[in-house]
Amino acid sequence: MTIVLLIILVLALLLLTGGYAAFLLGIVRLPREREPDPGRSKWLAPFRQEILDGGAWFREQKPERVSIPSFDGLTLTGYFLPAEDAKGTLLLVHGYRSGPFTDFGVVFSYYHDLGWNILAPWQRAHGESEGRYITFGVKERFDVRDWARYLCDRFCPEHAIVLDGISMGCTSVLMALGTELPGSVRGAIADCGFTSPQDEFVHFLKHRCHLPPHPIMDVAEGFARLLAGFGFRDYSTLDALKVSTLPVLFVHGERDTFVLPEFTRQNYAACRGEKRLVTVPNAGHGTSYLFGREECRAALETFLGECAAET
């Protein structure tokens, strides 16, 4: 009997240790403040210099550093670049453990040349924004909402705002569609987002780590609820898209194994507003624009034109 209890205790300790390690590795902010080098990604490496040059171009324009308070007391920081006779503002939301200069480096000047202001914030627990925990859209959706409200207050209710997110930023943007956004938000660009933390973690553990999702994920979620104040099933993009009627342009690379294209197909099916889906055959995660530039530009320009024209 003592041996059995000892085995149970050891297994319980191993499970707690594994779940806590998953929590630390996946949710807790990294100590570094800089964005990752795009050359470390096999998909981004061929475009590394273009990405770096694009980020450098944005900094050379001397964008305004702006900050807002989050709903839970954090200071969120971003950079605002105005365009002459702007058609509106694009709110660019970067992905997991990345940043705006990496994820949008190749489109900064393109969007600006199309006549749009750019607001590129750091998500909570990233870069220059405060926060210790990443919540995979659950809390970030309110940050997107509050950035949109900031833009509405800064300009006027008629000033067009388009939300644009990539990877986890896409999930944050789509979840934000379920919040009380200002009426000046005209639509969203949704590039390779997952549906919920739960769905993405199950996929990642099963297919990338070759581990059973349960019970490790259940223990990690316990730590997330206790320390970070959220659960993996608290909210999803599907919840938001079922109540929103805003138009959405969905984009996904068909060779994406990090966030499955199936997640975007589910989001597309749930969307109640006007919608279009663009998939790029040779693109991996977050690289649809890079591998399908012509098709993506055509879709973006049509979508942004419609958003700017809306009254």
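The exercises below follow one strand, its neighbours and the nonpolar cores of a predicted model.

Residues are numbered from 1 along each chain as its sequence is written. Because the model is predicted, local features need pLDDT of at least 70 and side-chain atom pairs count only at pLDDT 80 or more, while totals for chains, interfaces and linings use all residues.

**Exercise 1.** Find how many residues of strand β6 are buried, and describe how β6 is joined to β5 and β7.

*Solution.* Begin with the strand itself: β6 covers residues 185-191 (strands are DSSP runs of E, at least two residues, and helices are runs of H or I, at least four, numbered from the N terminus), and 7 of its 7 residues are buried, where buried means under 20% relative accessible area with a 1.4 Å probe, protein chains only. Next, take β5 (residues 160-166), which runs parallel to β6 and is joined to it by 6 bridges, with I166 opposite D191; strands pair if DSSP finds at least two bridges between them. Finally, β7 (residues 248-253) is also parallel to β6, through 4 bridges, and I189 has L249 as its bridge partner there.

**Exercise 2.** Identify the residues with the most contacts inside the largest nonpolar core.

*Solution.* A nonpolar core is a set of buried Ala, Val, Leu, Ile, Met, Phe, Trp, Tyr and Cys residues joined through side-chain atoms within 4.5 Å. The largest one has 37 residues, and those with the most contacts inside it are L90, F108, Y111, I118, V162, I189 and L249. Its largest share, 6 residues, comes from helix α12 (residues 293-309). Apart from this core lies another of 30 residues, among them V93, W147, A176 and A188.

Conventions
Heavy atoms only, no water. Buried < 20%, exposed > 50% of the residue type's maximum accessible area, 1.4 Å probe, protein only.
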